[in-house]
Amino acid sequence: MTSTVETPDYTTDSFFGLEDKWLPTAEGELTHYHELGEGTPILFLHGSGTGVTAAANWWLNLPELSQYGRCIAIDSIGYGQSVVADGTKYGIREWVRHAVRVLDALGIEKTWIVGNSLGGWLAFQFAIDFPERLLGVVSMGTGGAQLTSALKGHSNPTLSEEGVRKTLEQFVVDKSLVTDTLVSLRYASALNDTATDRLAQVVEARDRDRNELPLDFDVLAKLEIPVLLIHGVQDVVIPVSRTWELLNVIPHADAHIFSQCGHWSQVERADEFNEVLGRYLSRHIAKS
């Protein structure tokens, strides 16, 4: 597909150490993403916190995990630097279809999906709607759960550096991980989100579908792909009970639970997270 959209004059901050790529994925739509490694495709889907981007979710993981496959981390439509067409609608199925468009544009028939929070919710909706396109799922703090007080706060984010800091501090046990630099970068991204009122639109769509489109457990009970569920015991955004709920439904699901860890396991326990995920992927990729 040839893009009719001008590539934004944007470079991901050197703090994240990731190269920018752009991909035409529909008329008027240009997907911003990062790619490292080669081999078996592994699609990374970020969460939905204020100022979230692929880089801000996965910068500590992509360099390590790229030894196991072709790691592709996208800014979902409505987030980050991905350019959307006029009139774009948001929602769980719309975000899943965007992921499919990315795969189609890259010529990828089947992929693993690694999803954090909203991204994990999308991974399982993807498994429901497009099972033939999936090799396996890894999901951390899977989204779509019923509202907690922390999630309610995310529905009405305070757009200030202090508001971003408060949100990020809910993600971790070790608050020292929420540095001034990280807060500043997330705040700058949030300002980009609100330039076209996207933040309000994506939050509304996410919360609407929490009630209108919960995961179909009857379908998940028939999944034949490998699934790894990861959760922090101290996750106050999405309680660890969400993982137990899925673990009791999905027939080939395993789980890894981190102690002294919140919602951001890929950041808070990055080294161990990379080891756990690397072992899991290498074992299953070798079987495929």
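**Two helices and a central strand**

In this predicted model, the buried residues of helix H4 are Leu 118, Gly 119, Gly 120, Trp 121, Leu 122, Ala 123, Phe 124, Gln 125, Phe 126, Ala 127 and Ile 128. That makes 11 of the helix's 12 residues, so H4 is largely enclosed by the rest of the structure. The geometry of H4 (residues 118–129) works out too: at 1.5 Å a residue it should span 16 Å, and its end C-alpha atoms do sit 16 Å apart.

Helix H8 takes up residues 198–212, 15 residues in all, and it reaches 21 Å from its first C-alpha to its last, close to the 21 Å expected. Its buried residues include a good few with charged names on the label: Arg 198, Arg 206, Asp 207, Asp 209 and Arg 210 are among them. Leu 199, Val 202, Val 203 and Ala 205 are buried in H8 as well.

Then there is strand S7 (residues 227–232). Here 6 of the 6 residues are buried, so the strand is largely enclosed by the rest of the structure. In a regular strand, side chains alternate between the two faces of the sheet. In S7, Val 227, Leu 229 and His 231 point one way, while Leu 228, Ile 230 and Gly 232 point the other.

S7 has pairing partners in S6 and S8. With strand S6 (residues 134–140) it pairs in the parallel sense over 4 bridges, and Ser 139 stands opposite Leu 229. With strand S8 (residues 253–258) it also runs parallel, this time joined by 6 bridges; Val 227 has Ala 253 as its bridge partner there. Getting from S7 to S8, the chain passes through helix H10 (residues 241–247), and this β-α-β crossover is right-handed.

Terms used:
Residues are numbered from 1 along each chain as its sequence is written. This is a predicted model: local features need pLDDT of at least 70, side-chain atom pairs count only at pLDDT 80 or more; totals for chains, interfaces and linings use all residues. Side-chain values use heavy atoms; hydrogens and water are left out. Helices (H or I, at least four residues) and strands (E, at least two) are DSSP runs, numbered from the N terminus. The expected span of a helix is 1.5 Å times one less than its number of residues. Buried means under 20% relative accessible area, exposed over 50%, partly exposed in between (1.4 Å probe, protein chains only). Two strands pair if DSSP finds at least two bridges between them. A crossover is right-handed if, with the strands pointing away from the viewer, the path from the first strand over the helix to the second runs clockwise.
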